[in-house]
Amino acid sequence: MVKLKCRDYGFECDFMVEGEVESVIDDFKKHTEEVHGIDYTREAIMQFILRKQN
């Protein structure tokens, strides 16, 4: 289980997603594209997850 929050990455946004890695990547990517206009790569989001775990 992993969790990502927009607030952790500088956005004034309450969006949070939690679950299995692939699902979290898909949901976070879709949200940041649609709401914030930022097209993160899957690899960039994976780096967010890996950095949070350390």
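1. In this predicted model, a convenient place to begin is Tyr40, which is buried, with a relative accessible area of 18%; the cut-off matters here, because a residue counts as buried when that area is under 20%. Tyr40 lies in the loop between helix 1 and helix 2, and its ring pairs with that of Phe28 in helix 1, twelve residues apart, so that the pair links distant parts of the chain. The two ring centres are 6.5 Å apart and the planes stand at 25°, so the pair is stacked. Phe28, for its part, is buried, with a relative accessible area of 0%.

2. A second ring pair deserves attention alongside this one. Tyr9 and Phe48 are also stacked, with 4.4 Å from centre to centre and 20° between the planes, and they too connect distant parts of the chain, since Tyr9 sits in the loop between strand 1 and strand 2 while Phe48 belongs to helix 2, 39 residues apart. Tyr9 is partly exposed, with a relative accessible area of 23%, whereas Phe48 is buried at 12%. The count of aromatic pairs comes to six, and ring pairs link Tyr9, Phe15, Phe28, Tyr40 and Phe48 into a cluster.

3. Helix 1, which contains Phe28, runs over residues 21-36 and reaches 21 Å from its first C-alpha to its last, close to the 22 Å expected for its 16 residues. Its buried residues are Val24, Ile25, Phe28, Lys29, His31 and Thr32, and, seen down the helix axis, they fall within an arc of 165°, so they line one face of the helix. The face turned away from this buried side carries the exposed residues Lys30 and Glu34. Strand 1, strand 2 and helix 2 are among the elements that cover the buried residues, and just after the helix, Gly37 takes a positive phi of about 70°.

4. His31, in helix 1, is buried, with a relative accessible area of 10%. Leaving aside residues up to four places away in sequence, His31 touches Cys6, Cys13, Phe15 and His36.

5. The largest nonpolar core has 13 residues, of which Leu4, Val24, Phe28, Tyr40, Ile45, Phe48 and Ile49 touch the most other members; strand 1, helix 1 and helix 2 are the elements that give two or more residues to this core. Leu4 shows how such contacts reach across the chain: beyond residues up to four places away in sequence, its contacts include Tyr9, Val24, Phe28, Ile45, Phe48 and Ile49.

Technical notes. Residues numbered from 1 in each chain as written. Predicted model: local features only at pLDDT ≥ 70, side-chain atom pairs only at ≥ 80, totals over all residues. Heavy atoms only, no water. Helix = DSSP H or I, 4+ residues; strand = E, 2+ residues; numbered from the N terminus. Expected span 1.5 Å × (residues − 1). Buried < 20%, exposed > 50% of the residue type's maximum accessible area, 1.4 Å probe, protein only. Arc of directions from axis to C-beta. Contact = heavy atoms within 4.5 Å. Core = buried A, V, L, I, M, F, W, Y, C linked by side-chain atoms within 4.5 Å. Phe/Tyr/Trp six-rings, centres within 6.5 Å; stacked < 30°, edge-to-face > 60°.
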